[in-house]
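Trainee: Could you take a close look at one part of this model with me, and tell me what it touches and what it is tied to? I'd like the whole story in one go, please.

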Amino acid sequence: MASSSLSLSFPCFKLKFWLTFITCLIGLTSAQLSTKFYDKKCPKALRIINKAVGDAVNKERRMGASLLRLHFHDCFVQGCDGSVLLDDTANFTGEKSSFPNRNSLRGFEVIDNIKSQLESSCPGVVSCADIVAVAARDSVAALGGQRWDVQLGRKDSTTASLDESNSDLPAPFLDLSGLITAFAKKNFTTKEMVTLSGAHTIGLVRCSLFRARVYNETNIDPSFAASMQAKCPFEGGDDNLSPFDSTTPFIFDNAYYKNLVKKKGLVHSDQQLFVNGSGGPTDSEVVTYSRNMGRFKKDFADAMIKMSMLRPLTGSGGEIRKNCRVVN
């Protein structure tokens, strides 16, 4: 009996050991990140970032949306590794030159300013990738959104991907199926896609990206279309800017979803989340957020935490750039 009992328990012990080992391996990257990562290494880091972001947003409210977008465009390409910050060189074409980013992505000077201050306070400690992640959180908070705890300790990449930037960043022309696919590729659910799309409750967009919608589409409020046509002529004016959210363009609230219900989404991909209230897979979530701002803000914070954990470089991977625009 004793021999039989031992032979049964030993395989169970081995199974438990390997399950524990595998679980530890899976959690290794996230375990290397911590909200307290800089508490001893650079205790003033978060205060420096917060003040610089606050100053930048107070000077130009649009900058809050720009810094949030910078974080999105970093994380969706190669993960949250600061690759989007790298300048082109004679031998290197980075993500700034991709179609979604060229002459569009902003906030680099704010990141440069923060990096300069941090290098003076604690040289070679705080990564550019972490600066971008914290700056996005502080921008949302500065415009009225909910703060969230940012996991810290990312390293900066030494490479960037022009191809991935062109292929993986969701385009404003996508239909709903394309949006779902683009976000699923980054392991986001359809609900999380709707939540993260709420980032468009702040910020401005160029005429060239919404002209086709306001002139050609039927799923749009006629008076809204006419007002947008006045700002975006049928020909010319490609760089004319209009707010994604015409109600409260520089306040982080749920007006974006209220606008969708009223068929006042500015770009095609936004209105795809709510098509005539026909019972589509995202309609109910849009309606929920349009009625419950607290729910949206909390869900957005949770989704941003998840996004900020996309393929971070930790440990021996990457480096801590001295200058966010170039590798060391």
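Mentor: Sure. Let's begin with the salt bridges, of which the structure holds 21. Keep in mind as we go that this is a predicted model. I'll use helix H15, which spans residues 293-307, as our home base, then follow the chain past it.

Start with the helix next door. H14 covers residues 283-291, and its axis comes within 5 Å of that of H15, the two crossing at roughly 115°. That angle makes H14 roughly perpendicular to H15, since 65 to 115 degrees is the range that counts as such. On the H14 side, the residues making the contact are Glu285, Thr288, Tyr289 and Arg291. H15 answers with Met293, Arg295, Phe296 and Asp299. Sort the residues of this contact by character and you get four charged, three nonpolar and one polar.

Hang on to Asp299, because besides being part of the contact with H14, it forms a salt bridge with Lys191. Their closest N and O atoms sit 3.9 Å apart, and the pair counts because the cut-off is 4 Å. Asp299 belongs to H15 and Lys191 to helix H9 (residues 190-197), so this bridge ties together parts of the chain that are 108 residues apart in sequence. How buried or exposed are the two partners? Asp299 counts as buried, at 14% relative accessibility. Lys191 is partly exposed, with a relative accessible area of 37%.

Now for a bridge that stays at home. The side chains of Lys298 and Asp302 meet at 2.9 Å, N to O, in a salt bridge. Both residues lie in H15, and they are four residues apart, which is about one turn of the helix. Lys298 is partly exposed at 44%, and Asp302 is partly exposed too, at 38%.

Next, step off the end of the helix. Arg311 is in the segment after H15, and at 52% relative accessibility it counts as exposed, because the line for that is drawn at over 50%. Arg311 makes a salt bridge with Glu164, where the closest N and O atoms are 3.7 Å apart. Glu164 is in helix H7 (residues 162-168), so here the link joins distant parts of the chain, 147 residues apart. Unlike its exposed partner, Glu164 counts as buried, at 17% relative accessibility. And the story doesn't end with two residues: Glu164 and Arg311 are linked with Asp168, Lys185 and Lys186 in a network of salt bridges.

That same segment after H15 also holds Cys324, which brings us to the other kind of tie. A disulfide is a covalent bond between the sulfur atoms of two cysteines. Cys324 forms one with Cys128, their sulfur atoms 2.1 Å apart. The torsion about the S-S bond of Cys128 and Cys324 is about -95°, so that disulfide is left-handed. Cys128 sits in helix H6 and Cys324 in the segment after H15, so the bond ties together parts that are 196 residues apart in sequence. Cys128 is buried, with a relative accessible area of 0%, and Cys324 counts as buried at 2%.

For context, a search of the whole structure finds four disulfides. Another of them joins Cys42 and Cys122, with sulfur atoms 1.8 Å apart. Its torsion is about -45°, so it is left-handed. Cys42 lies in the loop between H2 (28-32) and H3 (45-59), and Cys122 in the loop between H5 (108-121) and H6 (128-142), so the pair ties together parts that are 80 residues apart. Both of these cysteines are buried.

Then there's the disulfide of Cys75 and Cys80, at 2.0 Å between the sulfurs. With 120° about the S-S bond, that link is right-handed. Cys75 is buried at 2% and Cys80 is buried at 0%. Number the bonded cysteines in sequence order and the pairing reads 1-4, 2-3, 5-8, 6-7.

Back at home base, then: H15 crosses H14, is bridged to H9 through Asp299 and Lys191, and holds the Lys298 and Asp302 pair within itself. The segment that follows H15 is linked to H7 through Arg311 and Glu164, and to H6 through Cys324 and Cys128.

Note on methods: Residues are numbered from 1 along each chain as its sequence is written. This is a predicted model: local features need pLDDT of at least 70, side-chain atom pairs count only at pLDDT 80 or more; totals for chains, interfaces and linings use all residues. Side-chain values use heavy atoms; hydrogens and water are left out. Axes are lines fitted to C-alpha atoms, for helices over the stretch in contact, and angles run from 0 to 180 degrees between N-to-C directions. Angles under 35 degrees count as roughly parallel, over 145 as roughly antiparallel, 65 to 115 as roughly perpendicular and the rest as oblique. Contact means heavy atoms within 4.5 Å. Ala, Val, Leu, Ile, Met, Phe, Trp, Tyr, Cys and Pro count as nonpolar, Asp, Glu, Lys and Arg as charged, and the others, Gly among them, as polar. Buried means under 20% relative accessible area, exposed over 50%, partly exposed in between (1.4 Å probe, protein chains only). A disulfide is a pair of cysteine sulfur atoms within 2.5 Å.
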